[in-house]
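Let's take a friendly walk through one protein model together. Please keep the sequence and the 3D view open as you read.

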Amino acid sequence: MAETVGGDLDRATSEFAEARPRLFGIAYRVLGSAVDAEDLVQDVWLRWQAADRSAVRHPAAYLATATTRLAINAGRTARARHEVYVGPWLPEPVDTSADPQLGAEREAALEVAVLFLLEKLTPTQRAAYVLREAFDYPYDQIADIIGASEPTARQLVSRARRRLADERRTPVAAPEQRRLLTAFVAAAREGDLAALEELFAADVVSWSDGGGVVRASRIPVAGSVTVARYVRAFAGHFWTGVEVSWATVNGGPAAVLRRDGAVFAVLAVAASADGIDTVFWMMNPDKLAAVGRS
């Protein structure tokens, strides 16, 4: 009997370990927080240990369903927290070059700019979009996972796609995005107003997430001239003693900023044919632990 129980637990552990990268990928995309995603996946593991696994025909589907439903519930709580968050809320950056749990899957719904826009969707809509776009689940399975009809699942994904398409220009390819980010960092360090304006789209927006913990703008800064002047205004003290390294964060290029060896900011941009559309300053130290370790 003990051998049977031990073998069953070994099999359950193996099944969970195989599914875990996808479970984390789903949870992270729905929540935008690696810390919360890790906690959620741990909760799923505890539930999986306690479940009647003899009645589960497809462990991977069972685990994905449990993860998604918990993520939807957690997403509702997170939305309430974000409403009282100090300043803009940006997703927690993850170094995907060093994180096989995310890098192993399709990079859809992973970029900082996309996760930022996904915050405007309901948790259920976001989950349906993530399952379809990032993991290519068929609509009938999405419907089962979120507890809806198949037409409703299709409608949720369609509405999410339209919402993102309406609010985002066609992004440039990764090499051009990297070039623009590199040029932006150089111009920002120098406080070169003309160079900054040249890089920006006319309606560029700068978002800074300090979470009330570190000094950062609590409102978005918009317009090419205004953002350029804003960046130049703090260039003198912000960049003093800063070491810049380059990383693949959320599937795209990012600048990791360190002072005295410690990461204090991650900088990313979204860009289109018009130039840099959005600048993301991720500076809340509570969200930089994963990038700091890598």
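The charged end of R53 sits over the ring of W48, 5.9 Å from the ring's centre. A charge counts as sitting over a ring when NZ of Lys or CZ of Arg is within 6 Å of the ring centre and within 35 degrees of the ring normal. R259 does the like with F264: its charged end sits over that ring, 4.3 Å from the centre.

Before going on, note that this is a predicted model, in which local features need pLDDT of at least 70, side-chain atom pairs count only at pLDDT 80 or more, and totals for chains, interfaces and linings use all residues. Residues are numbered from 1 along each chain as its sequence is written, and side-chain values use heavy atoms, with hydrogens and water left out.

**Aromatic rings**

How many aromatic pairs does a search of the whole structure find? There are 13 of them. Rings of Phe, Tyr and Trp (for Trp, its six-membered ring) pair if their centres lie within 6.5 Å; planes under 30 degrees apart count as stacked, over 60 as edge-to-face and the rest as tilted. Here are two of the pairs.

| Pair | Distance between ring centres | Angle between planes | Type |
|---|---|---|---|
| W48 and Y62 | 5.3 Å | 45° | tilted |
| F184 and W281 | 6.0 Å | 65° | edge-to-face |

The W48 and Y62 pair links distant parts of the chain, with W48 in helix α2 (residues 34-50) and Y62 in helix α3, 14 residues apart. Helices (H or I, at least four residues) and strands (E, at least two) are DSSP runs, numbered from the N terminus. Are these two residues buried or exposed? Buried means under 20% relative accessible area, exposed over 50%, and partly exposed in between (1.4 Å probe, protein chains only). W48 is buried because its relative accessibility is 1%, whereas Y62, at 35%, is partly exposed.

The F184 and W281 pair also joins distant parts of the chain: F184 lies in helix α9 (residues 174-190) and W281 in strand β6 (residues 275-282), 97 residues apart. F184 is buried, with a relative accessible area of 0%, and W281 is buried too, at 1%. Both belong to one aromatic cluster, which also includes F200, Y230, F234, F238, W239 and F264. That last name may be familiar: F264 has the charged end of R259 over its ring.

**A helix with two sides**

Now find helix α11 (residues 224-233), where S224, V227, A228 and V231 are buried. Why are these residues on the same side of α11? They cover an arc of only 100° around the axis, the arc being that of the directions from the helix axis to the C-beta atoms. An α-helix has 3.6 residues a turn, so residues three or four places apart point the same way. R229 and A233, on the other side of α11, are exposed.

**Empty spaces**

Rolling a probe the size of a water molecule over the atoms shows where empty space is left. On a 1 Å grid over the protein atoms alone, a cavity is a set of points where a 1.4 Å probe fits but cannot get out, and a pocket is an open set with protein on both sides within 12 Å along at least five of seven lines; lining residues have an atom within 4 Å of a point. Grid points are joined across faces, edges and corners, and a volume is the space filled by probe spheres set on the points.

The structure holds one cavity of 30 Å³ or more, and the volume of the largest cavity is about 80 Å³. Helix α3 gives the largest share of its lining, four residues. The lining has six nonpolar, three polar and three charged residues. Ala, Val, Leu, Ile, Met, Phe, Trp, Tyr, Cys and Pro count as nonpolar, Asp, Glu, Lys and Arg as charged, and the others, Gly among them, as polar.

The largest pocket holds about 570 Å³ of space. Of its 24 lining residues, F116, L117, K120, E167 and W207 are the closest to its centre. Its lining divides into eleven nonpolar, three polar and ten charged residues.

The second largest pocket has a volume of about 370 Å³. Among its 16 lining residues, the closest to the centre are R215, A216, H237, F238 and M283. Elements giving two or more residues to this lining are α12 (235-238) and β5. By class, the lining has eleven nonpolar, three polar and two charged residues.
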